[in-house]
Each structure stands twice: as C-alpha cells, then as structure tokens.
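Hello,

Here is the structure I promised to pass on to you. Have a look at it first, and then read my notes below.

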Amino acid sequence: MNHQASQGAIIGVDTGGTFTDVTVLDPQTGRIWTAKTSSTPDDPSRGFADGVAKGMQVASLESVDIGRVLHATTVATNLILEKKGSRVGMLVTDGFKYVLEIARQDVPRGSNLLAWVKPKRPVPPQDIWEIGGRVDQDGRVIDALDEEAVRTAARAIKAEGITAVAIVFLHSYANSEFERRAGRIVLEEHPEAMLSLSSDVMPVFREYERSMTTNLNGYVMSSVSTYVARLESRLKEIGVASPLLLMKSSGGVTSARNVRRVPVETALSGPAAGIVGANFIGASAGCRNLIGIDIGGTSADISLINKGELGLTVGGRVGDWPVGLPMVDLSTIGAGGGSIARVTSTGTLAVGPHSAGAVPGPACYGRGGTEPTVTDAHIVLGHLPEYLLGGALRLDKAAARRAIEERVAKPLNLSVEHAARGILDIANNNMAGAIRVLSVERGYDPRDFVLVPFGGAGPLHGSAIARIMGIQTILIPPAPGVLSALGLLVSNLKAEFSRTCVQRHGRHDLAQIASVYGQLERDAVAWLDKEEVPQGMRRISRVASLRYEHQGFELTVPWGGDKFDEAGLAATIQAFHDTHKRMYTFAQEDTPVEIATLRVDAIGLFQPPSLQPAPATGSAEDARNGTVSLWQDGGYVDAPVYDRMKLAAGVRVHGPAVLTQLDCTTLLLAGQVAEVHPLASLLVTEESRS
C-alpha cells in the first residue's frame, strides 16, 4: 500500500462474536465517531460491510472520503479453535514424519493428568510425505534434495484433492533453498496448490513449533484468502477504493497482500487491536503500567502493558496448538456477557466457557435464548438499563429473571437475586484468576498497575475485579465498547523478521551476530520500501532471545544499544539476567548465557489521532437522567443514572451509580468515585484514597 495514499477518513472495524464495532476518524480535525452493528457469523464479510456503511453514515461521509480501512478479524482464530480449516499436505525431511504426533511431552495447564487425551493433530501422518535431503544447523548441504520424491508427493497430494501444502525441512532457517526448490516443483505438478513454507512463516528452530505454525498457516490459508478477497469485493460494492489493512497478532497492521501469504499472523487479530487501543488511552491519561481486560460476549482477554510496552511472546497458543510467531501476551478465558450459567451434576454453579453467542444470545435479548447468562444476571440486578445501543436493542428483564429462576435459583434453592449475584461473583473471580496468571506469574504485582476494562461488558465488571485484585485505580476509556476498533485507528504498520543464530556455551561471535542482524535489517528495509513508508516514519528495533546453558527455553530482551560490540552484548546479557530474576526470583550470573534467536521489528508509523476533550462545563446533575434500583448487599437501593457523554471534565460521580453510553454501561460500586479526565476517560478510585 502507499503509506501516504490519502489524508482521508480512516475506518476501523472489529468483528466480535456478538457485535461488530466501528470507529471513524477524521485525521484533519481529530474527531472520532463510533457505531455498532450486529455480527453476521454466517458471513463475517457482510457484517464488515454493514459496519463500514454504518460508519460512513454516522460520520456523514461518502466513499471517496475514505483514506484507509482497517480490520481486526477472528476468521483464522475460529478456524483453528473449531478445527474447521483446510486439509493440508505436508512435506518433511526424511525421518520427521511424526513430529506433530510426538509434539511436547507435557499436559496442558488445568488438565487432569490421568484423564487428558492428546487432541487429534491438524495433519494426520497419512497426509505427510518424507523427502530425502538434508542441511545441517549451519546451512551446509549434507545430502542433496530428492527432487523426484518431491514430484511424486506433489502428484499424490493433487490426486487426494489437497490444495494446501506445507513444507517444513530440517534447518531451513539456516538455508531455505531446499524448501524453495520443493515449492517450485509442487507448483509445476499442482499449479492450484497454496504453499506454506516454514522459511517464510517461521524461520527459527524447534521442529514441533515450526512445523505446527507452518501447518496452521496452510490450514487457514484458503479460507482467510477467500475472506480477504470478499472484504475487498464488499468495499468495491459500496464504492470504497482505499487500502485495506488487517491487524496482526503482534499489535501492528499489515496489507491484505501479506495476510494472504501468512494468514496465521492474524490468529489474535481482535485482542491485539484492543491492547493497542488500551495503551493509547492509557498514555493519554499519563498511565504507562496497565492491565487491560477486554470482556466481550464470549471471552475475556487479559493483557499487561509495562512502561508503555506491549508484552509480546513467541510461546503463545491458539486453542490446543502453539503458534511460534510474535504475538501479544494474552491470558484468555471463556467469560463474557454471553457466558452461560448452569448447575452441574454435583450441584455447584458454573459460569462459562460455553456462550450463547450472538444467536440466540442471552435470554434478555429476546432472540430465542432460554439459558441464563452473565448479561441476564446484570439486568436482573439493575446494572443494565432495559435497552442497549441507544434504544436499538430492547432488553427483556422478565425473560432474564425466568431463565435464572428456572435454571439456577430453583435448583440451588436461592432467590433470583442471590443466584444472579452468584453468577457475577464466579465470573469476576474467574477473570481475576486470569489476571494473576499474566501478572503475578510474570513477576509483576497487579497492585502496581491501572486496570483498563473495555469491551461491551468490561466497565460492568471492572469495579468488582479491581476490588478483588486490590488494584487502586481503574481507567475507563471514552468509548470502551469499541476500543478494539479505536486500536485499529492508532496502529502502525508492523513486520517481524527472525533468524535462529545459536551461540552455545557462552562463546559469542559478534561478527556472526552483526551479519545476521544486517540481513534481517535489509529484509526489514525492503519491506518498508515495498510498503512505501517515508524515511522519517520508519522505526527499526532489535531483540534477542537468550537462555542459560542447558535451559530449554529462552527469554526475549532488547539488544543493548546500537552497536554489535562487547558493550552491546554485555548490556543484552544483563537485561536477560534482570528479566530472569523478575520472572523467576533468581539469576545465575555465573552460568554461561546462550543466544538462540535474533529478531528485527520494522514499524511504519502513522500519525496518531488526537482525542476529543470532555465537555468543558457542566455538573453531574446536568448529566443525570434517571434512577435505577440496584440490588446490593442483600437488598435494593436507588442509584442515579448518568449520561456519560454529558459529563464535563473534572466532574466527580460517586457510587453506587450507573453511567450509560451508546457502546457500553459502566457500574460504580458504593465507596467508589469516578472523575472525568480532560480527554474524557474516567478515573475510578476508592473514596478513601481519592
């Protein structure tokens, strides 16, 4: 794309399980509009097009006014989670047919050691062909590639009707020629094949992770490519000719062209957009240490931002499978507004992970849902008004009460209110547990962070979760329900270039390090050139993955400085010691440190938008628009309801209270006070500490 293609309006579209969120930015004035439309699970591109059209409508824009469109998608995620990807044929080095079957000898966290059954692999052994030929870890050819075996395999794959082909040869990160030659042969025999090469997808070591990531890339390639083509077609239908960019799992956007080549990079597209948005809002309020929790209809995604930097990992997972590409470090649980509450066979109350989704949705939506959900509990307790989306969606409180009474209250011999309170307590504590995984288990004290609840249900839960965790400050964005879509607007172009460069026993070859970084940076510059990013808008950073001798896994830290000299190496190793001590409480500074992988991150900067300020004048009473009966501490209390968009800068609202706006509802508990920041965020603290 042309990085400076247009100064026109920017539209961000985030497709969720229940709603599609839209934000529109006028970069000339800084004005931002928001909108929501219903998601269309049968064809997400239809909901995407509806969202773009709705965005243009609320901003009074024509198609020619649009400069670029950005999108966060769950298509790749859902294909992997639901195991609905394409059949993949795989070519591997002779002797490595069962890498996926052997996998790692561990049991997933939270699983019963005795009852756990290894899930079915996405590529069975019968769809894997072994190919003769080998290079060593330094890229030297040991045995020539058996081209006839490749040709025979390609013919068999074509005969089987398989169109996705993954090629994963041993040590191809050091020398990719065998994979590239095999790819050319496959296309000669099977021109319709879609290729996924490990040297393109993940040119780093560890055979299982590299094999699985390359296969998942092929697994989703056909569907994602079709989806992207459909998006571009939908944009043309409504006359929008501007570039389409998609969010990557690492928190940057990339072109549709790149997504077609490596679609697995979008596996955490939606959550990544939310984290970027949370970081932007936090910075606007002077908060650099943040815990973001994105609570939607189906799941809650927790992320941690330390000193303004997104946490990235190369050890992430999507469902049962590892994805070894850089992605935002998330903890995800099945807890959202649509999470279903049920009484188990043992007579206990459980909430989630199953969700009512968009259809039929919670019982209160009036779309045929009969099972009680978290949203139903909120409306029963008075936390939600009897309408959403500015009146576009009416809520049926009576239906919510019936669902909770029949499915939870009566079986447990509780009142409807106590049952609803129990549903929320379980959901809140489940989410607090997920926050501990990403904070305490990474060596961070959550009390040193500001909680940023967002998503359609985030501000309903933020106050309770903060109290459970002992977090003293909550930052509620101006438009929490569409923060992921805002995150798209403030995202930059981003690409990562990695190469394994193992240096063992503490003996480090600075010349080799300089050579590998030099090649990675040339690749990064070529990518920035291709994306037409101006020189002044480019950023390139270096990171390295290190480990102690005999350790099995690495920690990633920034390279220490601008030079590849002893001082830079020493600073990098010290950063590794410090990180190890923070995460594991000790550092082995007398143990040799090994370097495993080097990475270069390339960023093409976009001009960030300016947030609209809160109204300059007005009191809390000016924004008050009613009273609601909240069930708290065993009884009902009257609490004020405020139109949040009318709250002026500096105004303080005391809980208990409910604040309404188009995209979400905020609940303040008794003893809490919310102050309106000049840029329209809410800063919530406990009264005694405010």
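In what sense do β31 and strand β32 (residues 635-643) pair, and over how many bridges? They pair in the antiparallel sense, over 8 bridges. Before going further, please keep in mind that this is a predicted model, where local features need pLDDT of at least 70 and side-chain atom pairs count only at pLDDT 80 or more, while totals for chains, interfaces and linings use all residues. Residues are numbered from 1 along each chain as its sequence is written, and side-chain values use heavy atoms, with hydrogens and water left out.

**Two open sheets**

Some words first: strands (E, at least two residues) and helices (H or I, at least four) are DSSP runs numbered from the N terminus, and two strands pair if DSSP finds at least two bridges between them. As general background, strands of a sheet pair through backbone hydrogen bonds, either parallel or antiparallel.

The pair you just met belongs to an open sheet of 4 strands in the order β31-β32-β34-β35, and its pairing is mixed. β31 (624-632) and β35 (665-668) are the edge strands; each has a single partner strand, so one side of each has no neighbour in the sheet. On average, neighbouring strands here are turned by 25 degrees against each other, direction ignored. (Angles run from 0 to 180 degrees between N-to-C directions, and axes are lines fitted to C-alpha atoms, for helices over the stretch in contact.) To find one bridge by eye, start at V628 and look for its partner A639 in β32.

Another open sheet has 4 strands in the order β6-β5-β9-β10, with parallel pairing. At its edges stand β6 (128-131) and β10 (194-197), each with a single partner strand, so one side of each is left without a neighbour in the sheet. The twist from one strand to the next averages 20 degrees. Within this sheet, strand β5 (residues 88-93) runs parallel to strand β9 (residues 164-168), and 5 bridges join them. V88 has A164 in β9 as its bridge partner.

**A hairpin and some backbone details**

Strand β21 (residues 339-343) pairs with β22 in the antiparallel sense over 4 bridges, and A341 has V351 in β22 as its bridge partner. Their hairpin has 5 residues between the strands, and G347 there takes a positive phi near 85 degrees. Strand β22 (residues 349-355) also holds P353, and the peptide bond from G352 to P353 is cis, with omega near 0 degrees.

A cis peptide bond also runs from G655 to P656, with omega near 5 degrees. P656 sits in the loop between β33 (652-654) and β34 (657-660). Look too at H550, a residue other than glycine with a positive phi, near 80 degrees; H550 is in the loop between β28 (538-548) and β29 (555-558).

**Helices that pack**

Helix α4 (residues 147-159) packs against helix α5 (residues 177-189) at an angle of about 45 degrees, with their axes 9 Å apart. That makes α4 oblique to α5 (under 35 degrees counts as roughly parallel, over 145 as roughly antiparallel, 65 to 115 as roughly perpendicular, and the rest as oblique). α4 passes α5 in a right-handed crossing, where right-handed means that the near helix is turned clockwise from the far one by less than a right angle, and left-handed means anticlockwise.

Helix α12 (residues 416-438) and helix α13 (residues 458-469) pack at about 60 degrees, with their axes 9 Å apart. α12 and α13 are therefore oblique to each other, and their crossing is right-handed.

**A pocket**

The second largest pocket holds about 570 Å³ of space. Of the 26 residues that line this pocket, the closest to its centre are I32, P478, A479, Q612 and M645. (A pocket is an open set of points on a 1 Å grid over the protein atoms alone where a 1.4 Å probe fits, with protein on both sides within 12 Å along at least five of seven lines; lining residues have an atom within 4 Å of a point. Points are joined across faces, edges and corners, and the volume is the space filled by probe spheres set on them.) Strand β3 (residues 32-38) gives the largest share of the lining, 3 residues.

Happy exploring!
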